[in-house]
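This report looks at the pairing of charged side chains in a protein model and then at its nonpolar packing. Please keep the structure in view while reading.

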Amino acid sequence: MLKQSLQLITIALTMGLYGCAAIKTPEKEFQQILDEHAIPLAISSGQIVQGNDAALQSKLALINRAQNTIDMAYYIFADDPSTAVITDALLKATKRGVKVRILLDYFVNYRHFARLSRLESITEQHAGSLTFHLFNAPDQQIILDAIYMTLGCGEAGPGTKTQRLSCSEEKLNTIETLIQSKADKASTYGSRLLLAGLYGRSAPLMQMALMSSIDNALEELSRLNVQQGGGASPEQIKRIGRIYFEAKFSGGLNKLVNQIQLSSLSLLYGDQLEPYFSALSDFLPVSRKRSGKDSLPWRHMTDFLHHKLLLVDSEAFQLGGRNLEDAYHTQPYSSSGKYTFIDTDVMVTLSNKSAGMKQRFDTLWHFTPMVASLDEVRQQTDTQALIAYQQAESVCDTDSCIRDIFEQKLTVSSDMLAADLDNRRAEMLARYEQYKQAHLRPVQQKISLSEKARLYYLENIPFSPTNKDSRQFGAKHGKESESGKHIHQLWLTAIDKVCDDAVKGEAVTLSYTMLT
């Protein structure tokens, strides 16, 4: 997978012979890529941000100085103490009239939908605003597949003999009508619930979405069994949930399962993966002609948004390796998570506003083939069911308890949910105050950027530079820039140069700072 990421590049390249003062540089190769795809940055001042506490404090300083706009793009926007501090600063900024836009990865942050929605609503009465968009939303193909999965029309083939389980003509017509009339906005209750389970990483929600189809299949098989004088065996009836939805993909069922496995979902779900594979392999979309392109959205579900950018008033920014999470913004303490990362950011004040950086952000923000607003997420998925199930899981230890609480929470008022979320945010703020009193460390000595540093803003993008309206899946080797993978092209250029000089027996020194 070629991940999308924003990069800041400080380049100083030297290549020379052993014992020789002569210097060669791959300046021509690099400069061509930078001239075509990067934005040169004129800096007034800048510094390398090393410590986790220092990284959080510098982000807060940038937010607090904002007067007009704050644009942010992050992979993780956690529900934890340090992120609550950043959120609090953002809400205060909206009261000053600042317009805040936050672009987040869909797969990682969908399960935080209730919190994101609440934060948007809080600012409706503010002078400014806070708006979320989610990157790599389910596209039309995934939504249509979800419709087919949950409507459950298909073929069953116990043994070597194929039996057609009849779907009513009315149901088949309903499916085709949805596809033709609503295009990319087509959805059903079942598809929304299934996608809520998939992106919310909840196998039970996925199974709920499929249960009505299973029941219909069992009823249909029972009817056929009666018509045929009891010809269907108990084993056939028992297996109906698995065989009813057997897919007619090109290459067969095993090919699709392998494609799902290759999508790197195992890296996300770990021990919880088995229920997903079971559900997806047992209840696949059928009765539709498919091509190789139809499987691409599934294979690229994990094209994550790996940005870590905070841009203020188009004139100051911080970016690097840190997400919005305690693991990146605190030192290890009693309530911290499993990991604490050591990373690097850069904080830069530009000598003048960079229209180019804002334009790059605007392009991603409005890239509708992959980006969805929260209102669009509500249309695509059953966010209410997700929130209700999350609440039930948080207070229950048994399936029966979860089922009962889930049904109750489906009708919880928005005011009660808002109060719970506000209390949670207040709790996180209080926990950070405790951390600050006990663990906050003095800021390390600042490392200023050299006056000779050359800074460029370069990014991988999910579309071709010549066609910004259509999503690009992957890239062809040797033609990375044609597919928007400019950073990969830059790296490969450097590697090729190093390898060429090494073959010639030349010593190579490459000094290259890249912050992601």
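## Charged pairs and nonpolar cores

R322 and D345 form a salt bridge in which the closest N and O atoms are 3.8 Å apart, a salt bridge being a side-chain nitrogen of Lys or Arg within 4 Å of a carboxyl oxygen of Asp or Glu. Because R322 lies in the loop between β11 (316-320) and α16 (326-329), whereas D345 belongs to strand β12 (residues 345-350), the pair ties together parts that are 23 residues apart in sequence. R322 is buried, with a relative accessible area of 1%, and D345 is likewise buried, with a relative accessible area of 1%; buried here means under 20% relative accessible area, exposed over 50% and partly exposed in between, with a 1.4 Å probe and protein chains only.

This is a predicted model, in which local features need pLDDT of at least 70 and side-chain atom pairs count only at pLDDT 80 or more, while totals for chains, interfaces and linings use all residues. Residues are numbered from 1 along each chain as its sequence is written, and side-chain values use heavy atoms, with hydrogens and water left out.

By the rule given above, the count comes to 12 salt bridges. The table sets out three of these pairs.

| Pair | Closest N to O distance |
|---|---|
| D362 and R101 | 2.6 Å |
| R471 and D303 | 3.4 Å |
| R322 and D345 | 3.8 Å |

D362 in helix α17 (residues 355-365) and R101 in strand β6 (residues 99-105) are 261 residues apart, and their pair links distant parts of the chain; helices (H or I, at least four residues) and strands (E, at least two) are DSSP runs numbered from the N terminus. Both D362 and R101 are buried, and salt bridges that share partners join D71, R101, K358 and D362 into one network. In the pair R471 and D303, R471 lies in strand β17 (residues 467-471) and D303 in the loop between α15 (296-299) and β10 (308-312), so that parts 168 residues apart in sequence are tied together. R471 and D303 are both buried.

Across the protein chain there are 22 helices and 18 strands, and 53% of its 516 residues count as buried. Of the contacts (heavy atoms within 4.5 Å) between residues at least 6 apart in sequence, 81% join residues at least 24 apart.

The largest nonpolar core has 81 residues, among which I70, L90, I102, F132 and Y199 touch the most other members; such a core is a set of buried Ala, Val, Leu, Ile, Met, Phe, Trp, Tyr and Cys residues joined through side-chain atoms within 4.5 Å. Its largest share, 7 residues, comes from helix α6 (residues 140-151). The same core draws at least three residues from each of domain 2 (49-136 + 303-381 + 413-439) and domain 3 (190-300), with domain bounds taken from an automatic or database domain assignment. Leaving aside residues up to four places away in sequence, Y199 touches Y106, F107, Y110, N136, A137, P138, I142 and M301. A second, separate core of 13 residues includes L309, L311, L319 and L455.

Helix α6 is largely enclosed by the rest of the structure, because 11 of its 12 residues are buried, including I142, I143, L144 and D145.
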